[in-house]
Amino acid sequence: MSDNDFNPNAWMVTFADLVMLLLTFFVLLLTMSSMDTKKLKKLMSHFTESTGVLEFASSGNVSDFSSFIMQYNNSDSMLVIDQKHLLAKIKISLEIKDVLKDIDENINFSDDERGVVLSFNEAILFEPGKAILKKEIYPILDSVADAIYECPNDILILGHTDNTPVKSKLYQSNWELSAYRGLSVLDYFLKEKELSPSRFYVGGCGSFRPVHPNDTPKNRSLNRRVEIIFKHIEEG
């Protein structure tokens, strides 16, 4: 190589490549740090034979429903909900169980992209076609209210119906009936339990978000429900 072929700036090409690699690395780190931890764990659980999953039933330090919600918020792992175990943590006396038949089948717990979901079947909340809460359900709603008070989550309340047309002079449609049912639950929490209105969202979905096809009487009854959702806390 002659002196005429020497380029004193050739090192800048290599340096530019290095800077680009470092920039890509830091962008990757930033992206990973902003991911939803629970969603990431949920994704990874499909590949790791449930590694990192915490069974609620075996978690001895969770003493009641509000504690479960708090642990769910603070855990980097998925919490698998043991329905029967968690239901026992809501204060349900034997007298209430006698009045509210099949209560274990009429309250369901689940977890989805919205948060921890308590689903109350119509049968234990309302008379058919009505939106006035049964007094028998008050003690159970009191326990839920205690959990709401102790937890920082915002609360979403959604009413649902089946696709049977409404036969009522009070409500024009399933949309309206489902909305008033959600409002009845909200009204109890605000007026009777004096919870902060700023934490609540409420709505009615009519028959358009069924959990089962509306093709049998049993399925239609399961679709008539009110969901109380402890919304996921967004990481700041």
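Trainee: Which residues make the nonpolar surface patch of about 360 Å²?

Mentor: In this predicted model, the nonpolar surface patch is made by F15, L18, V19 and L22. To read such a patch, it helps to take one member and ask where it sits; L22, for instance, has its place in helix α1, which covers residues 11-33.

Trainee: Is L22 buried, partly exposed or exposed?

Mentor: The general idea is that a residue counts as buried under 20% relative accessible area and as exposed over 50%, with partly exposed in between. L22 has a relative accessible area of 42%, so L22 is partly exposed.

Trainee: Where is S184, and why does S184 count as buried?

Mentor: S184 lies in helix α9, which spans residues 174-192. Because its relative accessible area is 17%, S184 is buried. When neighbours within four places in sequence are left aside, the residues in contact with S184 are F126, A131 and L133.

Trainee: What share of the protein counts as buried, and how many helices and strands are there?

Mentor: Of the 236 residues of the protein, 36% count as buried, and the protein has ten helices and seven strands.

Trainee: What share of the contacts join residues at least 24 apart in sequence?

Mentor: If one takes the contacts between residues at least 6 apart in sequence, 72% of them join residues at least 24 apart.

Trainee: How much area does the protein expose, and what share of that area do carbon and sulfur atoms supply?

Mentor: The protein exposes about 14800 Å², and carbon and sulfur atoms supply 57% of that area.

Note on methods: Residues are numbered from 1 along each chain as its sequence is written. This is a predicted model: local features need pLDDT of at least 70, side-chain atom pairs count only at pLDDT 80 or more; totals for chains, interfaces and linings use all residues. Side-chain values use heavy atoms; hydrogens and water are left out. Helices (H or I, at least four residues) and strands (E, at least two) are DSSP runs, numbered from the N terminus. Buried means under 20% relative accessible area, exposed over 50%, partly exposed in between (1.4 Å probe, protein chains only). Contact means heavy atoms within 4.5 Å. Patches are made of residues with over 30% relative accessible area and no salt bridge: like charges are joined within 9 Å, nonpolar side chains (Val, Leu, Ile, Met, Phe, Trp, Tyr) within 5 Å. Accessible areas come from the Shrake-Rupley method with a 1.4 Å probe; for residues, only the protein chains shown count as cover. A salt bridge is a side-chain nitrogen of Lys or Arg within 4 Å of a carboxyl oxygen of Asp or Glu.
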